[in-house]
Structures are given as C-alpha cells and as structure tokens.
Amino acid sequence: MTRSATPGQTVGPFFHYALPYPGDRELVPPGTAGAVLLHGTVRDGDGAAIPDALLEIWQADPDGRVLQRAGSLRRDGFTFTGFGRAATDASGRYSFSTLVPGAVEGGLPFFAVTVFARGLLNRLFTRAYLPLADGAEPDALLRSAGDRAGTLLCVADDHGFRFDVHLQGDGETVFLSYPGHRGD
Amino acid sequence: MTAPPPPAELEPQETLSAEMAALRDAYEHTGVEETQPRLDYPPYRSSRLRHPTKDLHHADPEGVELWAPCFGERDIDPLEADLTIQDGGEPIGERTVVTGRVVDGEGRPVRRQLVEIWQANAGGRYIHKRDQHPAPLDPHFTGVGRCLTDDDGGYRFTTIKPGPYPWRNHRNAWRPAHIHFSLFGSEFTQRIVTQMYFPGDPLFGLDPIYQSILDPKARERLVAAYDHDVTQHEWATGYRWDIVLTGPHRTPAEQEDA
C-alpha cells in the first residue's frame, strides 16, 4: 500500500543554531591534496542575495564511488563522506571545501544539491554538474533543460567551481522533481 | 514590560485570512489533490521573491541521487535526543515526549538515519540572534536535538512543549506551536524539512505557513496525536507523530544490497 508523503514546510529563519555544525562545509580540510572550493551566491527574484539560505551537497568520491560512510557530523579530517552543509552568509554566499566528484556508472559527474531558505516553503533539488569536458555530450537532463541547461553547470574558477542559485527571475535555476516519487 | 505597539504599516489579519480563504476555495474547485505546500503562496509574504516561477523539471534519479548520506553512532551522542538535560539545569515548561516512526512511501522503516529537530522554548522564544520577541530565554534550554532512528524507523525525543510566537508577516501574526524536523531517507531525493504541530491549535486557520498546504488531509499529516500510552506517570505528556517520506526509487532487492 502506498502512503501519502508528509508535506514539507519552510526551514524558517531560526535554523542557524540547529542545522549548521562545526566542519559542516568541509568535506575535506581546506588545503588537502585535491581539495577544491565549490562556492556561489543564492539570489531571489530581484537578484538580491539571500542571507538565510542553507545548501546541502551529496556527491560521489573522485573515483565515482557512492560512499556509505558515517562521520559527516563529527568530521575526523580523514574520512570523506560525500555530504556537506553550508548556510549562506550575510552576502548570500556559501562555500564548500571538497573533492571533485567522479562520474557514477557512466553518467556525467555532478553534485546533488538541496536548497532550503526562509521564504521557501519546501526544499528544492537541483544538480551542479562539473563543466563539460571537451567532447563530452550533455546527458538527458541537460538536453531536456534546453536553453536553461547553463543554470545546472558549475563554472570553473581559480580554486574550483562556482555554482550560483537563482530561486526566481532571470536565470532561474532548473529545480528538479522526481516523478517516480509518489506524492511529490 | 508592556506589549510594543503594533507597527501601523503591517497588514491586518483580515486581509491575510481573506487571501487564504480565496486560495482554499479555488483549490477545492480544482478537484486535483495536492500533498505538498505551494511554493508560490502569496500570503506567506517572504515567499514572493523566493519561489521558482517555472515548473519543477522532471528528472530520473541517477548516481548519488539513488543513495542518501549515511550517519552513524559516531555522529551523535544518544543524550542529544533529550532536550531537557542539555545545559546543567531543568528547563521551564511542559515536559513532553515526541515519538514516532519514519517510513518510506511503501511503509518500510527508514533505519539508522538522522533526525534533527529545533524549536522555541515554552515562552515561544528561539535561541537565535534574529529572534527579538520579548519573551524570556531559558538558560537551560537550547531547543536543539538529534537522534538516529532505530531498526524499526522509530525516533524519540524528550523536550519541552514549545510556545506559539509572533512574527512580522502581518499585524498580530502568530505561529502555531511547532517543532522543526529535518529528515533523510535512504535516497537523496527523500530529503525533507518540515514542522510538527500540536493538535487543536487555535492558530492553525490564521497561519500562512500551515495554510500553504491547501489540502486539509495533507495539512493534518503535520499534526501529532496526543497519546496517553506515550505519556509517562508524573513525568511527561506524550505525542506520537509518524513521518512518511516519498519514494523510494530503488527496489527492495537493491535496498538489501545496500
């Protein structure tokens, strides 16, 4: 028997003393061999930065392995778990220190991203794909996103990748639903 | 201390209530069942510039999306499930046990997974620098808890029943008492953050966040049930609230392989 899913609700304005934790955004300590910076700004429909958003990322390791390792909440500096969490700062920016995700089972490599914010009534899912390597073809999702596919792509920069999130308006990020999910 | 005068520029509850009633009426005429909150729900004023205007894009989950982050004993101290013993003294208010199960859409338990909660204290005040509501902080209550579900998907917190609190969505706006819940499933796409409410709250009909779920049956899924079997003699009242995640996509055989 299929059950109806419990509805979501906004994360509200007061999550900062509950959800962030020491080391939440450091999947690897900054400066670790192979560490990259994944960062960006979260913006609203007026283009204003959102200082009370929260992002989570979930990713494969550089070899494309999906890990099932505990330790994300109490990082030991050596165990890569693939999960991280970062609240935006007063300028709407977030950042993660992490490793470059590898491709899983022949797919394109991406960070799975969840976005929460005050004013956002339910979480949003998206993907932050690595920039397409030379000769790499877009996958089915990127093709189906058409001229909005660029919102799903990280931009390479000096320390890693930038991935901005636009909740609304020009350049609105492509957010995902998974129709296989009943009640979604 | 006297109540601060209400700011004149805020809209009255009547305006918000009329908007919410119009949206409810329109929904009832569609005949299409909705089970989640509207992202575009203008009575929640903060949502106006923070909701996507384009439809969510359908995706088939792949790769990491078919798996969820893993948490374990090393991540959490079992004492984090008791919010009444965290700070060297007893918090003020009604001691309450909140318990239930986390299951997926097929009714299977979500085992050994992280549950995080946060809430206001008995006076309706959060320990947060942005909460300037002139109600007292409780030096013995942080309002933050965590646990791992057990092998049956069960979770259990001992806490203080939170108070309702005012906010500035409109004039004399008050949130029904609630506990924020953050949940993971066995797949990334089951991630959810929501709020649990207490039965019979007189503020339900006035609150744009609760009313952003237009279907009354769906809204009621966020309301815990008082359970006298959870209530403990001379110790704590008890509430039961079960949580159903979406999905899953993976088949039970694949789940066993995990």
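**Helix H1 of chain B and selected sites in the predicted complex**

On one face of helix H1 of chain B, Glu14(B) and His29(B) are exposed. The face opposite to these two residues holds Gln13(B), Leu16(B), Met20(B) and Tyr27(B), and these four are buried. The four buried residues lie on the same side of H1(B) because they cover an arc of only 70° around the axis. An α-helix has 3.6 residues a turn, so residues three or four places apart point the same way. The partner of the buried residues of H1(B) is helix H2 of chain B, residues 208–211, against which they pack.

The model described here is predicted. The predictor assigns the complex an ipTM of 0.96 and a pTM of 0.95. For chain B the mean pLDDT is 93, with 94% of the residues at 70 or more.

The length of H1(B) was compared with the expected helical rise. The helix comprises residues 13–30 of chain B, which is 18 residues, and at 1.5 Å a residue the expected span is 26 Å. The C-alpha atoms at the two ends of H1(B) are 26 Å apart, so the span agrees with the expectation. Directly after the helix, Gly31(B) adopts a positive phi of about 75°.

Positive phi values also occur at two residues of chain B that are not glycine, Arg112(B) and Asn172(B). For Arg112(B) phi is about 50°. Arg112(B) belongs to the loop that joins strand S2 (95–103) to strand S3 (114–119) of chain B. Its relative accessible area is 38%, so Arg112(B) is classed as partly exposed. For Asn172(B) phi is near 60°. The loop that contains Asn172(B) runs between strand S6 (165–167) and strand S7 (173–175) of chain B. Asn172(B) has a relative accessibility of 60% and therefore counts as exposed, the cut-off being over 50%.

In chain A, residues 35–103 are covered by the UniProt annotation "domain: Intradiol ring-cleavage dioxygenases", which comes from an unreviewed entry. Over these residues the chain is 36% strand and 0% helix. The end C-alpha atoms of the segment are 17 Å apart.

Arg85(A) is located in strand S3 of chain A, residues 83–87. With a relative accessible area of 0%, Arg85(A) is buried. The side chain of Arg85(A) has polar partners in both chains. In chain A, a polar atom of this side chain lies 2.8 Å from the backbone oxygen of Leu19(A). In chain B, the side chain of Glu116(B) makes a polar contact with the side chain of Arg85(A), at 2.8 Å.

A further buried position is Ala218(B), in helix H3 of chain B, residues 216–220. The relative accessibility of Ala218(B) is 1%, and Ala218(B) therefore counts as buried, since the limit is under 20%. When residues up to four places away in sequence are not counted, Ala218(B) touches Glu34(B), Thr35(B) and Ile213(B), together with Pro7(A) of chain A. Ala218(B) and Thr35(B) are 183 residues apart along the chain, yet their C-alpha atoms are separated by 5.4 Å.

How values were computed. Residues numbered from 1 in each chain as written. Chains lettered and ligands numbered in written order. Predicted model: local features only at pLDDT ≥ 70, side-chain atom pairs only at ≥ 80, totals over all residues. Heavy atoms only, no water. pLDDT = per-residue confidence, 0-100. Expected span 1.5 Å × (residues − 1). Buried < 20%, exposed > 50% of the residue type's maximum accessible area, 1.4 Å probe, protein only. Arc of directions from axis to C-beta. Contact = heavy atoms within 4.5 Å. UniProt positions renumbered as here; feature names shortened; annotations may be inferred. Polar contact = N/O pair within 3.5 Å; in protein donor to acceptor, adjacent residues only side chain to side chain.
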